[in-house]
Amino acid sequence: MNHATQHLGPTVVHAAGYLWLIPLFPAVGAIINSLLGTRIQRNLGKRWNHAIAIGMMTLSFLTALRAFAQMVALPGDERFLQNTLWNMLTAGQMQFDLAFALDPLSMMMVLIITFIGTLIHVFSVGYMADEPSYWRFFAYLNLFVFAMLLLVMGDNFAVMFFGWEGVGLASYLLISFWYTDIEKAQAGMKAFVVNRFGDFGFILGLFLLFWSLGGIWEPRADARSVTYVPEIGYKADPAAQNPFESTGPRAVVVDGHAVKVGPTLNFRELRDQVVIEATGVGEHLRHQKLWGVALLTLVGMLMFVGAMGKSAQLPLYVWLPDAMAGPTPVSALIHAATMVTAGVYMVARLSYIYAMSPTAMGWVATIGVLTAFFAATIGFFQYDIKKVLAYSTVSQLGIMFIGVGVGAYWAGTYHLLTHAFFKATLFLGSGSVILGCHHEQDMRKMGGLKKLMPVTAWTYLVATWAIAGFPWASGFFSKDEILWKAFTQRGMELFGVPAPWLGPAIFVIGILAATGTSFYMFRSYYMTFTGHYRGGAGHDEEHGEDPHSAHAAPHHAPAAAHAPAAAHGHDDHAAHGHAAPAAAHGVHAAPAHATHAAPAHDDHGHHGGPPHESPRSITWVLATLAFGAVAVSFLGIPLLWTGHAPILEHWLAPALPAEVTFLHFGHATEWLFQGMGVAAATIGWFFAMKLFKDGQSRVPHDLKHRFFGFWTVVYNKYYVDEAYHALVIRPSLFLAAFLSWFDQHVIDWLVNFAGWLARVFAAIDDAIDKYVVDGAVNGVGGLTREGGRVLRRIETGRIQTYLYGAAFGSLLVVLLNFLFR
Amino acid sequence: MIRPDNVLVWATFLPVIGSAVILALMVVRHFLGLKKRFLDQASRVVTMVASFLMLVASILAWHWFDPRAQGLLVQGKATGVQMVSRAIWIRPFNVEWFVGVDGLSISMVLLTGIISFVAAIASMPWWQGGAKAIHMAGMDEDDHGHGDDEHHPKHFTVRMVPGYMILLLLLMTGMMGTFVALDMFLFYVFWEVMLLPMYFLIGVWGGPRREYAAIKFFLYTLAGSVLMLLAIIAVYYRSLPAVMADGTLSARHTFNLLELAAQGRAGQFATALPILGVAFSKIVFVAFFIGFAIKIPMFPFHTWLPDAHVEAPTPISVILAGILLKMGPYGILRFNYPLLPDATEWAANAIAVFGVINIIYAAYVALAQRDFKKMVAYSSVSHMGFTLLGMAAMTPMAISGAVYNMFTHGIISPALFLIVGVIYDRAHHRDMERFGGLAKELPEYSGLTGLAFFASLGLPGLAGFIPEFMVLAGSFPVYLTFTVISATAVIITAAYYLWAMQRVFLGKLNSAYAGFPDVNWRERIMLYPLAAIMIFLGFYPQFILHAINPALQLLIQNLRPV
């Protein structure tokens, strides 16, 4: 079912000199707010802080629309806009510019980022209204959007990497936004450092790819001559030291266009030389090996390590749940809709590289499905509403990686799009709930909010439909396409071993994960919005089931000190420190008076008071996003339903020039599989409804006690954080301490020892001076006297004696001259 | 007045003129009895003016430098050396006054100008922002109140001011001279001129263990100098005569570095008779290399650096990290590479190994530090390892990265030492465990620190990323394994910087530091320009690279045996 609308000619470039404005606007906003923010806030009011930030976002979005209009007007295979600013670096073979490019893929990303980004900026106005460093929040948020736009708009790996790390910086700053809480600060650091592990893999993959374009890899036996290659430099023994013999950049003419062949960081140059068969590069790369492994496999796997970090896949996902320490709009924008999808974007961007290596494909898809399943199970038992959504994000990212792993690049990207909408809705909905419940995040203290917060409840429900995969919301279409493509993909390999069973296996695990997703998402919906409100002033009834041991995770241990009372405008405090979690049964706590929709936040930061619907700036954003979560369905309505390829597949085709083959099945099979998708969603929903609707059932409680050991393990996220602590952090710190000791006590000791030795020599010297040299001086005096007495006897006055002396002397001179010439 | 053919002379001697002026003022004071306060202020003004003019001269030199020019011809070949000023100095020994810049040294000249001026500002007790801040830093000019004892040491900016300024200016001359000298003898003279003021600046104006640190620094570098001197003598006696400034041929030998490079390329030193059974060029290479490696500093010769930094006053740390460390790699690229290409080839793998050790070892040691300044010092050692690795790989990308790393590190690490100085002036200690939550009290300072930290840990968009990236990318095809090992430093570096950030700035505010003043104008005028340079170079590295690339290309091409 591969609709090969492949355009395999050279990329046709259309200049668009205004593209740089798209990232510039948020950058300007970030600069203004970070340099002048305090003064603006103090003198002009918070209104101006967010006005600047939102204004810049809007301008950016409008410019993106302008680019979209220009792109739509172009023929399908010429949709490539480019804008070069200046040459950043030229050294040897490496050459890259600060340049931006938009193809259909990055265009989609830019629209998501600027549109959802703008909405989330608007949402933040209400959400952060009480924040003292309001300006800082908007500065960081704008900085993030700037970096994210660099990431997706970069014309080359370098600019992309600028964005890649820049979003990491923004993420660090925003996670530890409330830095006075050391735990949040630690969460930020964790995110950055874990991502650096990924970056380590990413740059190594990048270097491999870069140099492999230069020429031959395996050392050649005959290349033993001394050569100088201008691009590589000089090495005496290329066979021993320099496996990369460069052929240097050259040009191959295809369709009247010169296509550069050789090392490059430019996406377009890379794509052209790899995809166009006439250059021979693709064929060449396919057969290159390093350490006996196909080179492209190494490239794909290493680069995916970067994606593991950024997109929170096993085993580097650990930072994302902790990242929920950041303000909720941040979780929605960065840790759900945009930044974490960077890895998916990267794999899709390099689709043609991944498609050439079945092992790399299998690696991506396997990690994806394992993550999807693993994270879904953790989601089952979390009580913190944001943690549920965090694990759900990890799981959904896994689904996306199944898509881009099995070769369904457009479907993976489509899931990225749908997920951006429904997960943003869910996170912002949870933010609205948290705000309404006075910074309460524990779902056991919620309940019954449907009546109190109707808009939030409805939008949350719509987004839950979408993520669960009901066929009237967008998630169904993307997830179903991904799993179907996984099932029909039989060409993947697992570490070089052909594994035709891998596709179906991924489908089975994927459908289980989808069932689980439906279950825990409806669980969160029912726990939060149905039944009676369980929060409020008095924690009435101790369930007696909450094992506090469950909170004994070391990095959470000191959190008990952060009592909810300490919170002022910070969400999530209570999440760590709920000393008396109440899950009241049948307690009448729901206040009679419902919403007071007035955008007054006077009671924020205080605990108590009934939950209330959020201000209009929040509900409108929620409604828009929920509408989007349904509306984007039309981009991906399958071929099976209409007979046409989905709109988005058609749109993305020029940007995804990868040739992947899938097995063909009849329509009946495809309908059957769609039915299985719906069944999975329904089963999950059914159990969640039975167990959690209205908080009536005792079954969850009983089940938990029956399988308490298992529950504890899963509730504590399989103790992965603790394992990391023991296996990575502690050994590193130990090594650091040891080397520091070594430096001070061994190396410096040697230095001091040398100094001591010099002093000892000096003392010996002194003694020699006193007794030997001085003695010698005195001795010389005596010697002269004695010598004179002896030599006096030579003065005989006889000519023979003098002649003997002269002859002997000249002989000595000749001899010496001969010896020491 | 300043022309391309004398700009380097001005850049070199303006500071010395300044110190002469201060000296004259001291003499005047002795005879006419000026007020001490007047003399102090006058010597400060003189220092500021002299170092500012030096900065102007170095910017002019940068401006006039043409990367594509052939420059001075030596044996009919382009050397790229420009703005030459040349005269015969000591005829009997063929010693010339011979200065000029090529792509290798021009960036260092610019850096020396910038950092010297920054260090001059850091030596002033001005713009401190109110009597309270002045008192807090111990910058009170008058002696009543508290004296200058161990418990309440006076700030270095108000102790024996004229002497300090004279030495500082002398140091500047030594540094600038070292980078522009093209005569081996002249180079050595400047190298030693630089050494002595440093010793006194650490030993007199330093912290509690200043004598130990100063002696250690002095002996270490002197040991290096001795080796270097022996190597210089050996090279001199092996060299062939060359044309001197007045067109006559020198007697028997030459000190002219460009001629020596041409002779080295022709194999003059490779074919020399062995010394004690070891190839001449290898022995000379090792002697030069150890001499320079001590300055880098390279493991295992690095232990003077943490001590010297910890004890040195802030401006001296700034100069030490910003410029003195760069003399090591500069010397290797100026002496070892062009003069001894065969031995360079022989030693390349060893240099790479030491580079990797520097990178990883020092990064781990930095992770274990509690002392803020020591952590920054070890991070310097780690970052200089990238220069070593890039030099060893000898690909165009790697060697450009190595030299560019010298420049960016010369911008970033001074900023880091200034940042340490800011907090030390207020808290009078540097133990990171004892701080906490400072971001609440000093937001602007925290922001600047964050910027410098991220620049140093190699965040793209800031100066530190590009050289690391270039070195790693350039070394990759030559030293695959070493590059992979070195690349792990990106993780460790991020860990120690962010951990430091967390311990010092984040968390609950330690109440002992409540009411601390944020950065004052004195610190702002140093930190903001450096921060701006970091961002500028992060997005436009070609600004520096376009000047240094051709020279380095030439350098590695000339490593090819004829």
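Mentor: Helices (H or I, at least four residues) and strands (E, at least two) are DSSP runs, numbered from the N terminus. This is a predicted model, in which local features need pLDDT of at least 70, side-chain atom pairs count only at pLDDT 80 or more, and totals for chains, interfaces and linings use all residues. Residues are numbered from 1 along each chain as its sequence is written, while chains are lettered from A and ligands numbered from 1 in the order in which they are written.

Trainee: What phi does Gly267(B) take just after α8(B)?

Mentor: Gly267(B) has a positive phi of about 90 degrees.

Trainee: How many residues of α8(B) are buried?

Mentor: A residue is buried if 20 or more other C-beta atoms lie within 10 Å of its own, exposed if 12 or fewer, and partly exposed in between, with C-beta atoms placed from the backbone. In α8(B), 9 of its 9 residues are buried, among them Leu257(B), Glu259(B) and Arg265(B). The cover over these residues includes β1, β2, α6 (184-205), α7, α11 (314-339) and α12 (341-367) of chain B.

Trainee: Which loop holds Arg252(B), and is this residue buried or exposed?

Mentor: Arg252(B) sits in the loop between α7 (210-238) and α8 (257-265) of chain B. It is exposed, with 11 other C-beta atoms within 10 Å. Although Arg252(B) is not a glycine, its phi is positive, at about 65 degrees. Gln75(B), also not a glycine, has a positive phi of about 50 degrees. Gln75(B) belongs to the loop between β1 (73-74) and β2 (77-78) of chain B and counts as partly exposed, with 14 C-beta neighbours inside 10 Å.

Trainee: Where is the peptide bond from Ile296(B) to Pro297(B) cis, and with what omega?

Mentor: That bond has omega near -10 degrees, and Pro297(B) is placed in the loop between α9 (280-295) and α10 (304-311) of chain B. The bond from Phe299(B) to Pro300(B) is cis as well, with omega near 5 degrees; Pro300(B) lies in the loop between α9 and α10 of chain B.

Trainee: How should one read the packing of two helices?

Mentor: Two packed helices are described by the angle between their axes and the distance between the axes. Axes are lines fitted to C-alpha atoms, for helices over the stretch in contact, and angles run from 0 to 180 degrees between N-to-C directions. Helix α14 (residues 396-427) and helix α20 (residues 521-539) of chain B pack at about 150 degrees, with axes 10 Å apart. Two residues are in contact if their C-beta atoms, placed from the backbone, lie within 7 Å. The contact includes Ile411(B) and Leu418(B) of α14(B), and Leu527(B) and Leu530(B) of α20(B).

Trainee: What classes of residue make this contact?

Mentor: Ala, Val, Leu, Ile, Met, Phe, Trp, Tyr, Cys and Pro count as nonpolar, Asp, Glu, Lys and Arg as charged, and the others, Gly among them, as polar. The contact of α14(B) with α20(B) has 13 nonpolar, 1 polar and 1 charged.

Trainee: How many residues of chain A are in contact with chain B?

Mentor: 51 residues of chain A contact 51 residues of chain B. On the side of chain A that touches chain B, α6(A) gives the largest share, 15 residues. That side has 33 nonpolar, 12 polar and 6 charged residues.
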